[in-house]
Structure formats: structure tokens, C-alpha cells
Amino acid sequence: MQNRTLGREGLAVSAIGYGAMGTTFAYGPGDDTASIAASRHAHDLGVTHFDTAELYGWGTGERLLGSALAPIRDEVTIATKFGFTPDAYAPNSQLDHIRQVVDASLRNLGTDSIDLLYQHVHDPEVPVEDVVGVMQEFVQAGKVRWLGLSNTDAENIRRAHAVHPISVLQTEYSVFARQSEDLFGVVDELGIGLVAYSPLARGFLSGAVQPRSAYAEDDIRQWLEWWAPENWDANTAVVAGLTELASEKGISLSQLVLAWILAQREDIVPIPGSRSAGRVAENVAAAAVTLAPDELARIDTLSRGVRGARATS
Ligand SMILES: NC(=O)c1ccc[n+]([C@@H]2O[C@H](COP(=O)([O-])OP(=O)(O)OC[C@H]3O[C@@H](n4cnc5c(N)ncnc54)[C@H](OP(=O)(O)O)[C@@H]3O)[C@@H](O)[C@H]2O)c1
């Protein structure tokens, strides 16, 4: 698979990465053995960038991913994130909290150095300059290589970047969630790369979407507006239109929508998540798909029919 360069500080990763959130969080119970096999299969197929966070099981997700990647640690880049507190999942970027969480992430991942460290979500209580100052301490100590931000706005990106170069903005981006296009101007100006999270719209664009009733009670999709009964018909009609185009091309829906993301910018890397080696293989194959201008235009038109806001993080 081809590499893409994120930011101006030299971070080069495979064009499609692997998102490990679902292995321990958000989409119902996972199977650790299958999840380890899925992430290792991603690597076998050329994926070199793996994404996790403290939030994904409060260390459980980092430990699972760290153990899966231990034998190939030198061949991959690992990203993790700090910035929440277990109580009510509220933002917490208090400076001492960051120091504790990042030290714990290093232990959980079983690594001497985190390749890419993100602030997971903006914390209105803590100036972003102070947050990046603490992140920079870890860079200076050789414990973190590149810095990123997630779930933030243009002003905070500028203020953070003035303290230390930000290599990546991780933001939700998919055919269903295009609001992040408002941030393309600032990342272009500052030379920051993009990592597109939830690129399959949390599974709505996976080819296997189900109504809410099919998911576990604590599955995040119980609360996402795309699944609300009043939006269901409009959104499944968009999926039907996209699926028709995918079948005309002889590819799957997930491949179509991942290829659409890759076609938007040269410095964007989607990180689809799956706990199945077979579904990982399906998604990774999107790196070889090219879309003609008329196909991109068809997808653009269809995307205008999506109803319901994306989640906020
Ligand atoms: N920065 C943030 O705030 C933030 C927020 C959300 C996510 N993220 C990151 O982005 C990554 C990806 O996002 P995501 O996991 O929310 O959503 P996603 O990649 O848009 O979709 C994941 C869902 O789609 C299913 N799926 C994936 N490929 C499939 C295929 N080929 N066929 C059928 N079903 C398929 C998965 O189920 P199975 O596992 O059962 O295959 C899972 O339920 C996360 O893992 C995380 O690393 C970051």
C-alpha cells in the first residue's frame, strides 16, 4: 500500500490505517483473539498505522493493541489519545492528569515511545497552549514523536500549532459527516495532515447497517441521530444509492466510501475499525480503488441527502 505524509514533521503512514476503538468500546462486546487477528491481518496487508486511546476501555484497548503489535512494533506507528475522565466521560486535560495518563499509556502499550499523541477532545477549562506545552515535554523526553489534536476548532488548532508543530488533526469525516471540510482551510495553511475517524459512519456505510433494535443496549448507535427513526428512511436511501454505484464498479460499499475519502485530499488517512480479519481485508482493498470525476460527483450528490448530525466525539 502507498504511504501518505501527515504534517510537515515527517510522519509517513499507510494510506489506510486501523482504528482499534471497537475492540474494547462503543460497539458491543468484542472477542480479543479475533481483534488481535484483525489488527495483525491489517499489518500483513500493508497497514502501518494503528489508532487507540485511553478512553477505549480505560487502558484495556491500549493493552490489547500493544500486545497484538508487540512482535511488529518497529514496523508500525501507534497513535493514542488522552483527554477524558472516566466520570461522565467529561473532557479532562488538566496538566497533571495528562502526565499520568500518558505515562500509563506508555505502560499499557508496552512501548518506550508513542509515535503520535493526541489531545482527544478540547477542554474548555485548560488553555490549549498549556496542554501542548505538556505534550511537548514528552517529545523532549523522547517518549512521544509527533503531536495531534482531535475534536477541536480552527482557533485552537492555530494556538496549539504556535507552541509546537501539530502533525495531525483527527476528525470525523465520511460521506455521512462532511462538517470537517470547514477545517480544510486551516490545516492547509498550517501544513497539518488529516486522519479521518469513523470513515464508515460508525458502520452505517459498512454494508451491514442494522436498525437500532439490532444493537446492544449500550451500543453507541442507540444515541446517534443517523439511526433515529425519523432519519432512517432518508439515510438508508443514501446507502441504497451508494450501494448501486459500488455494484456497478464491482466493489463493496465500504470500499467505495473509503476510496471517496482518499480521493478528497492527498494528506488524508481514514482509519476504519473492524474486529474481523475478513472485514479488514475488504476495507484495506479500498486503497487500490480509483473513482472517476462523475463517480465522485454522484457520491457528492447522494451525500446531500443524509439526515441527522454526527456525534460530537
Ligand atoms: N477521535 C475520536 O474522537 C474518535 C471517535 C470515533 C472513532 N475514532 C477512531 O476511528 C476509528 C474508526 O471509527 P469507528 O470504529 O467509530 O467507525 P467506522 O470505522 O466508521 O465503523 C466501524 C463499524 O463498522 C463495522 N465494519 C467495519 N468494516 C466493515 C465491513 N467491511 N463490513 C461490515 N461491517 C464493517 C465494524 O464492525 P466490526 O468490528 O464487527 O467489523 C464497526 O461496527 C476508531 O476505531 C477509532 O480509532 C476516533
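Trainee: How far does a backbone N or O atom of Gly 19 lie from an oxygen atom of the ligand?

Mentor: Good place to start, and keep in mind that this is a predicted model. A polar contact is a pair of N or O atoms within 3.5 Å. The backbone of Gly 19 offers an N or O atom to an oxygen atom of the ligand, and the distance is 3.2 Å.

Trainee: Which residue has a polar backbone atom 2.9 Å from an oxygen atom of the ligand?

Mentor: Let's go through the backbone atoms. Ser 206 has a backbone N or O atom 3.4 Å from a nitrogen atom of the ligand, so that is another pair within the 3.5 Å limit for a polar contact. The 2.9 Å distance to a ligand oxygen belongs to Gly 273.

Trainee: How much of the ligand's accessible area does the protein cover?

Mentor: Happy to help with that one. The ligand sits in the largest pocket, with 31 residues around it. On its own it has 900 Å² of accessible area, and the protein covers 95%.

Trainee: Which helix gives the largest share of the shell around the ligand?

Mentor: By class, the shell has 11 nonpolar, 13 polar and 7 charged residues. The largest share, 3 residues, comes from residues 277–284, helix H9.

Trainee: And which helix gives the largest share of the lining of the largest cavity?

Mentor: This cavity has a volume of about 40 Å³, and its lining has 6 nonpolar, 4 polar and no charged residues. Two helices give two or more residues each, H1 (32–44) and H2 (60–69). The largest share, 4 residues, comes from H2.

Key
Residues numbered from 1 in each chain as written. Predicted model: local features only at pLDDT ≥ 70, side-chain atom pairs only at ≥ 80, totals over all residues. Heavy atoms only, no water. Near = heavy atom within 4 Å. Polar contact = N/O pair within 3.5 Å; in protein donor to acceptor, adjacent residues only side chain to side chain. Areas by Shrake-Rupley, 256 points an atom, 1.4 Å probe, with all protein chains shown as cover. 1 Å grid on protein atoms, 1.4 Å probe; cavity = no way out; pocket = protein on both sides within 12 Å on 5 of 7 lines; lining within 4 Å. Sits in = over half its atoms within 2 Å of the grid points. Nonpolar A, V, L, I, M, F, W, Y, C, P; charged D, E, K, R; others polar. Points joined across faces, edges and corners; volume = space filled by probe spheres on them.
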